[in-house]
Amino acid sequence: MISQSLHQPFARSLAAPKAPLLPGSAGAFPQAGADVVIRQAMAADQAAIVALVHSERLNPYDLRWERFWVALAQGAVIAAAQIRHHADGAREVGSVVVESGHRHRGVASRLLDAMLAKATDELYLVTGGSLVGFYGRWDFTPIGIAHAPRSVRANFWLGQVIGGALSCLHGHAPRRLYVLRRSARTGVPVNWPGDDGWAA
Ligand SMILES: CC(C)(COP(=O)(O)OP(=O)(O)OC[C@H]1O[C@@H](n2cnc3c(N)ncnc32)[C@H](O)[C@@H]1OP(=O)(O)O)[C@@H](O)C(=O)NCCC(=O)NCCS
């Protein structure tokens with residue numbers, strides 16, 4: 001049951017005409033018909049990651065390239081996402097961002113497919129209400145804030161208070177944030193079909 005639900009986003013990206021998988025390209029995850037390559041981040045990506053995250057006023061803390069995956073078009077970083085490792089042991093998906101000119105082409109979906117495919121830990125995520133359904137594709141579901149680990153609660157309140165203040169400054173209504181959780185996975189296959197080209 002679990003492995004079936006894990007396959008759903010992966011299968012979708014395989015089925016999508018804009019995202020067929022071409023295995024066998026030494027640590028990258030290229031897409032036929034699109035100039036987008038998805039891979040784990042490298043030290044050289046650090047500045048681009050920080051710039052992207054800052055451009056959308058996402059949580060500016062804990063942006064270590066070692067935790068990130070990135071998408072590149074023509075060699076430039078156009079999207080990023082990470083799994084934070086908190087001191088209390090919690091794992092939190094964050095910093096999900098795609099450069100504005102590259103949105104609505106499935107880039108975030110491909111990035112999350114790749115980053116989450118082999119993630120077996122319980123995962124948390126803090127997001128606005130409009131994206132709750134989007135993350136549901138990877139089995140994230142809303143939980144009460146009281147059920148989240150301390151570190152995730154801290155990020156929730158950081159986003160709610162600082163994000164709310166910034167929204168007010170710009171004349172927008174503050175958006176309500178939600179905490180989402182995805183259960184830990186067991187029995188995740190070591191090798192996925194056709195994943196020869198994936199970074200470990
Ligand atoms: C959210 C974001 C990462 C999505 O990136 P993307 O590459 O456009 O996403 P994908 O193309 O993979 O998926 C898009 C689909 O997901 C859903 N989706 C994407 N953004 C959505 C939103 N804001 N509200 C509801 N659904 C959304 C829709 O089904 C959409 O389909 P469409 O492209 O036909 O409209 C991008 O809009 C972004 O960087 N936003 C600003 C930063 C941000 O808010 N990050 C989220 C932090 S939790």
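Start by selecting β4 (91-98) and β5 (123-128). These two strands pair in the parallel sense, over two bridges. Now pick out Glu92 and look across: Tyr124 in β5 stands opposite. Keep in mind as you explore that this is a predicted model. If the pairing of strands is new to you, here is the general idea: strands of a sheet pair through backbone hydrogen bonds, either parallel or antiparallel.

**Widen to the sheet**

Next, select every strand. Seven of them form an open sheet, and you can step across it in the order β1-β2-β3-β4-β5-β7-β6, with mixed pairing. Which strands are the edge strands? They are β1 and β6 (141-143), each of which pairs on one side only. Turn the view slowly: neighbouring strands of the sheet are rotated against each other by 30° on average, with direction ignored.

**Add a helix on top**

Show α2 (46-55) together with β2 (68-73) and β3 (76-85). Helix α2 lies across β2, β3 and β4, and it runs at about 85° to β3.

**Look inside**

Now colour the nonpolar residues. The largest nonpolar core holds 39 residues, and those with the most contacts inside it are Ile49, Trp69, Val70, Ala79, Ala80, Ala81 and Leu111. Several elements supply at least two residues each, among them β1 (36-40), α2, β3 and β7 (177-182). Which element gives the most to this core? Select α3, which contributes seven residues. As a general point, in soluble globular proteins nonpolar side chains tend to be buried together.

Zoom in on Ala80. Beyond its neighbours within four places in sequence, Ala80 is in contact with Ile49, Leu52, Val53, Phe68, Val70, Ser95 and Val97.

**Follow a helix to its end**

Select residues 150-169, which make up helix α5. Try a distance between the end C-alpha atoms: they are 28 Å apart, which agrees with the expected span of 28 Å, because 20 residues are counted at 1.5 Å a residue. After α5 comes Gly171, with a positive phi near 80°.

**Zoom out**

Finally, show the whole protein chain, with its five helices and seven strands. Walking from the N terminus, you meet the elements as α-β-α-β-β-β-α-β-α-β-α-β. Of the 200 residues, 30% count as buried. Among contacts with a separation of 6 or more, 67% join residues 24 or more positions apart.

Conventions. Residues numbered from 1 in each chain as written. Predicted model: local features only at pLDDT ≥ 70, side-chain atom pairs only at ≥ 80, totals over all residues. Core = buried A, V, L, I, M, F, W, Y, C linked by C-beta atoms within 7 Å. Buried ≥ 20, exposed ≤ 12 C-beta atoms within 10 Å, placed from the backbone. Helix = DSSP H or I, 4+ residues; strand = E, 2+ residues; numbered from the N terminus. Contact = placed C-beta atoms within 7 Å. Expected span 1.5 Å × (residues − 1). Pairing = 2+ DSSP bridges. Axes fitted to C-alpha atoms, helices over the stretch in contact; angles between N-to-C directions.
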